[in-house]
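Student: Got a minute to walk through this one with me? I'd like to start with the core.

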Amino acid sequence: ISMKHFLNNIRCEESEIARIISDCKQNCTYLKAPNGHPSNLTPEEWVLVRSQAFIKRFGNWENWIKKDFLVNGNAVAKLTGKEFSIIKGKTLIDQVEDYFKSIGNKAVSPIFGDVILDRRGADDSLAHGMGRKKAIAYAAVKDVIENGVIIDTSINHKGRGYNTVVIAAPIHIEEERYICEVIVRRNANEDRFYLHEVTSIKKLQDAVFVTSLGQNPSAHL
């Protein structure tokens, strides 16, 4: 049975349709492809391929695409490993602040639009711990926000009145492959870089955020 034929015969309850649309509108992914760009599907098809009936038949194609991108996709940034080396009289955050200013203090997400990059975000990330690789990866934050995939969302995060989104993408540091995750904090007034982490792909083959993205289904979009 072809996917097109299967779509034509899916019977999706109104309640499920409403839930899919509502959830995706909340995290700004409604009518978007997994890469954040506008989908080529019709609105009806877009909903149907996210229904439980479709996923049961074809597998979680959306998660597989994201996993394949993280594990096998092209790096969104290639860093030399010399970024933000020690400079007398300047802290790491001073250097990152200068760098963010040099790129306009923002990243432009295909999903959310402008995301603020500034000293406040750099400080927040530093407060969660800082190794050398993570320090270097400040230089990849803009690229991850603009070219990564959403791997997690939290609406009204911990009851604090704002939403969070985790965006991930592969990067290279000194030719070694890493996954960089960026957390964007979202509220009614602004979207802001909050935190980033970086981990070698070698350590992530069995990590929850990768393996939870599913297996290659029998068909995908």
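Tutor: Sure. A nonpolar core here is a set of buried Ala, Val, Leu, Ile, Met, Phe, Trp, Tyr and Cys residues joined through side-chain atoms within 4.5 Å. Keep in mind that this is a predicted model.

Student: OK, which residues touch the most other members of the largest nonpolar core?

Tutor: Leu79, Tyr138, Val144, Ile145, Ile167, Ile171 and Val182 do, out of 41 residues in that core. Two or more residues come from each of H5, H6, H9, E4, E5, E6 and E7.

Student: And which element gives the most to this core?

Tutor: E5, with seven residues.

Student: What does leucine 79 touch?

Tutor: Leaving out residues up to four places away in sequence, Leu79 touches Ile136, Ala137, Ala139, Ala140, Ile171, His172, Ile173 and Glu174.

Student: Switching to H7. Which of its residues are buried?

Tutor: Gly121, Ala122 and Ser125. Down the axis of H7 they fall within an arc of 100°, so they line one face of the helix.

Student: What covers the buried residues of H7?

Tutor: The cover includes H6, H8 and E7. After H7 comes glycine 129, with a positive phi near 105°.

Student: Now pockets. How much space lies in the largest pocket?

Tutor: About 700 Å³. Its lining has 27 residues, and Cys24, Asn27, Glu62, Asn63 and Lys66 are the closest to its centre. H2, H4, H5 and E4 each give two or more lining residues.

Student: How does that lining divide by class?

Tutor: The largest pocket is lined by 12 nonpolar, eight polar and seven charged residues.

Student: And the second largest pocket: which residues are closest to its centre?

Tutor: Asp152, His157, Thr164, Val166 and Ile183, among 13 lining residues. That pocket holds about 200 Å³ of space. E4, E5 and E6 each supply at least two residues of its lining.

Note on methods:
Residues are numbered from 1 along each chain as its sequence is written. This is a predicted model: local features need pLDDT of at least 70, side-chain atom pairs count only at pLDDT 80 or more; totals for chains, interfaces and linings use all residues. Side-chain values use heavy atoms; hydrogens and water are left out. Buried means under 20% relative accessible area, exposed over 50%, partly exposed in between (1.4 Å probe, protein chains only). Helices (H or I, at least four residues) and strands (E, at least two) are DSSP runs, numbered from the N terminus. Contact means heavy atoms within 4.5 Å. The arc is that of the directions from the helix axis to the C-beta atoms. On a 1 Å grid over the protein atoms alone, a cavity is a set of points where a 1.4 Å probe fits but cannot get out, and a pocket is an open set with protein on both sides within 12 Å along at least five of seven lines; lining residues have an atom within 4 Å of a point. Grid points are joined across faces, edges and corners, and a volume is the space filled by probe spheres set on the points. Ala, Val, Leu, Ile, Met, Phe, Trp, Tyr, Cys and Pro count as nonpolar, Asp, Glu, Lys and Arg as charged, and the others, Gly among them, as polar.
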